Amino acid sequence: MKIEVDLFADLRKFADPPSFEIDIPSGSTIRDLLPQIGIPEGFSLLVVVNEVMASHDREIRDGDKIGLFPPMGGGEETVPDRVQDKEWRNK
Amino acid sequence: MNGWNGKGLEIDLSTGNIKEIVPDKALYMRYLGGRGLGVRYLFDNVGPETDPLCPENVLVFATGPFTGTKVPTSGRFAAVSRSPLTGTIFDCNSGGRFGVHLKSSGWDFLVIRGKAARPSFVTIAGGRASIEDASHLWGLNVKEATKKLSDKGSVMTIGRAGERQVLLSAIMNDADHSLARGGLGAVMGSKNLKAVVARGHLEKPEPADPELFEKYYQDITRLLIASPVSSKGLTAYGTSVLTNLINYMKILPTDNFRKTTFLHAEEISGERMHDDFKVKSKACFSCPIVCRKEEKGTDRALPEYETIAMFGSNLNNVNLKSIVEANDLCNDYGLDTISVGTTLGCHLEIEGRNLSPEEIIELVRKIGENEGVGEALGKGAHKYAISRNAPQAAMEVKGLELPGYDPRGVLGQALGYATSNRGGCHLRAYLVGLEILGKPKLIDRLSFMGKSGLVGLFQNIAGVVDSLIVCKFAMFSVGEEEFANILTALTGEDFPSQSLIDIGERIWNLERLYNIKAGFGPESDTLPERFFNEDGSGTARRIDKAAFLSSLREYYHFRGWDENGVPQPGKLKELGLEADGRDGIIKAVAQITK
């Protein structure tokens, strides 16, 4: 079955152009789709199917429009440096 | 008291008197700081009949117990006043550095009252506060005023818009952070107060239990940085990354909320901004999320999602450069980008034509200068639309312009807009996390089912978050339990997690009482008629009014209010509001319920 996929933000590094059609076997889920696009397991992302946020277990149907977005959380590994304001650090 | 200085300053600009206020410890325990403390002060001291732009109105700037500590996202402070735009009680909060400097200067809060005879600014440093002549600063916009004062400390100032008492004017701190909404910049301007500059000694507040504090700090940090090697939307792109997502869900305000999807969203998206501009990141004090983005070289702030939505899609504007310029100009004049953008959307609809990018920039300038058509536009969408005999074109609730999420596709957010104590605001319930981002858990955005309780609960949590104070983005990952734990470790006082929700509910009810006394009845808990009568795009269908009203009734019930949305004595007793005594709350309720 044929579906439409759109990648956003840094997920665009996995496909050029970032919007494309792809053929996948019926019965596939989002979890099955991700490796086909080259997105590694455990890469955190938001999935929107036909305007609705969906889980990785969502079964894909023919004609679905799927958007993959980065998670809207955030945080840097270098927190200890970040939290120490320059003025604070020089104190 | 660990976590607080235990005192604030009252500065009377009319008399030049500055005195120290030492509130009862109970006030801190029951309202914490920030929004809570400010709302309590306003309720007790500024009657709802007070003209917001007269000397009797008061501006409270308040930090919270977390301000200045290393609790993630806590470098914030709040401003509370009666809004000249909405007439409601009103609070904003802002990041940057100012709040940290204020707190570490030895005072938790400032109360500004009266009106100075000539333009003035206040300095706070070395344990002293003074009122100084600002004649040389009056007439300057934010960047220049900030530059001129920055050797004295962290600067909070108004631009020319605030001086001219434009109702959409903001108060800016640290150049490009804003207490944006509700026209609080005009309140400052009406007092002839150009700026407040604070330089703290920057000693970290000592936690009552340092070991436990460190443990809970690590817990919160872990929750915020759930998966550090994965892609990070906000950290990498800032809030502008929402543009494509919100458009994809077909809830992006477009053409003054007449459509909910924008064909050219990609051209104004965060992704495009990263391609077209040299972007660098900037963090607020003590924040690991680092969502702010600036342009390398010019150091000008790049627009947040809300600004992109209101100046981009909502004005059918595909020119990203003009959105960046409009954002910069608003910051410099000290204007609220959401309210200005939404008011220009109203103008576009009434004029029946699109505005060119050059025209948009020129209109922002005119609003900032309060000249020509800018004078009428600067009064906000509600008053502007009435003056043009087209009230249906004003996209606002209680006089506050709506932000970047079309309510037809997020029904909890819709109820949140309608019931917000400060009007059309996305941050008072902030169901964006639950309904759009799935944080902390995804719920069905197209149903009212269960939303009344959730809206109430999240309004209460937001009330406490705004009083501690931490950033709303922390709510995506961190709950009241973690905040209660670290507050207990910081202060040495026992704060069970339910007590925080109770504090939020106390604040919410107090604000509601103030607004009722100011004349806001249940008829103001609604949305512009467009959302009940016209479909948006895709799943964003017109809202079923009967379902909306039923959800609103359920919300009142959940809150312990009567069918007119009036808090009942039983609820006020439960929240301990009547025990607060001297404020006359019970008398106020008795009058209302008569």
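## Backbone, sheet, core and contacts in chains A and B

A:P17 sits in the loop that links β1 (2-7) to β2 (19-23) of chain A. Helices and strands are DSSP runs numbered from the N terminus, a helix (H or I) having at least four residues and a strand (E) at least two. The peptide bond leading from A:D16 to A:P17 is cis, with omega near 0°.

The model is predicted: local features need pLDDT of at least 70 and side-chain atom pairs count only at pLDDT 80 or more, whereas totals for chains, interfaces and linings use all residues. Residues are numbered from 1 along each chain as its sequence is written, chains are lettered from A and ligands numbered from 1 in the order in which they are written, and side-chain values use heavy atoms, leaving out hydrogens and water.

**Backbone exceptions**

Most residues other than glycine have a negative phi, and most peptide bonds are trans. The table lists the cis bonds beside two positive phi values at residues other than glycine.

| Site | Backbone value | Loop |
|---|---|---|
| A:D16 to A:P17 | cis, omega near 0° | β1 to β2 of chain A |
| B:L468 to B:I469 | cis, omega near -10° | B:I469 between α19 (451-468) and α20 (480-491) of chain B |
| A:N50 | positive phi of about 45° | between β3 and β4 of chain A |
| B:V290 | positive phi near 55° | between β13 (279-282) and β14 (292-295) of chain B |

In what follows, buried means under 20% relative accessible area, exposed over 50%, and partly exposed in between, with a 1.4 Å probe and protein chains only. A:N50 is partly exposed at 33%, while B:V290 is buried at 1%.

**Chain A and its link to chain B**

Chain A contains three helices and five strands, in the order β-β-α-β-β-β-α-α from the N terminus on. Of its 91 residues, 51% are buried. Contact is taken as heavy atoms within 4.5 Å. Among contacts in chain A between residues at least 6 apart in sequence, 54% join residues at least 24 apart.

A:E51 lies in the loop between β3 (46-49) and β4 (52-54) of chain A. A:E51 counts as buried because its relative accessibility is 11%. Apart from neighbours within four places in sequence, A:E51 is in contact with B:Y248, B:M249, B:K250, B:R445, B:G538 and B:T539. A polar contact is a pair of N or O atoms within 3.5 Å; within protein, one must be able to donate a hydrogen and the other to accept it, and residues adjacent in sequence count only if both atoms are side-chain atoms. The side chain of A:E51 makes such contacts with the side chains of B:K250 (3.3 Å) and B:T539 (2.6 Å).

**The six-stranded sheet of chain B**

Two strands pair if DSSP finds at least two bridges between them. An open sheet of six strands in chain B follows the order β8-β7-β12-β9-β10-β11, with mixed pairing. Its edges are β8 (128-133) and β11 (177-179), each with a single partner strand, so one side of each lacks a neighbour in the sheet. From one strand to the next, the twist averages 20°. Strand β10 (residues 171-173) is joined to β11 of chain B by three bridges, and the two run antiparallel. B:N173 stands opposite B:H177 in β11(B).

Helix α4 (residues 142-149) of chain B packs on the sheet, touching β7 (120-125), β9 (154-157), β10 and β12 (193-199); its direction makes about 145° with that of β9(B). Axes are lines fitted to C-alpha atoms, for helices over the stretch in contact, and angles run from 0 to 180 degrees between N-to-C directions.

Strand β12 of chain B holds B:K194, which is buried at 0% relative accessibility. Residues that B:K194 touches, not counting those up to four places away in sequence, include B:A145, B:M156 and B:E163.

**Helix α12 and the nonpolar cores**

Helix α12 (residues 320-333) of chain B has 14 residues and reaches 20 Å from first to last C-alpha, close to the 20 Å expected at 1.5 Å a residue; the expected span is 1.5 Å times one less than the number of residues. Eleven of the 14 residues of α12(B) are buried, so the helix is largely enclosed by the rest of the structure. Among them are B:N327, B:D328 and B:C330. At the start of α12(B), a side-chain oxygen of B:N319 comes within 3.1 Å of the backbone nitrogen of B:K321. B:G334, with a positive phi near 75°, follows the helix.

A nonpolar core is a set of buried Ala, Val, Leu, Ile, Met, Phe, Trp, Tyr and Cys residues joined through side-chain atoms within 4.5 Å. The largest has 178 residues, and those with the most contacts inside it include B:F61, B:L335 and B:F483. Its largest share, eight residues, comes from helix α21 (residues 497-517) of chain B. A second, separate core of 21 residues includes A:A15, A:L33, A:F43 and A:V49.
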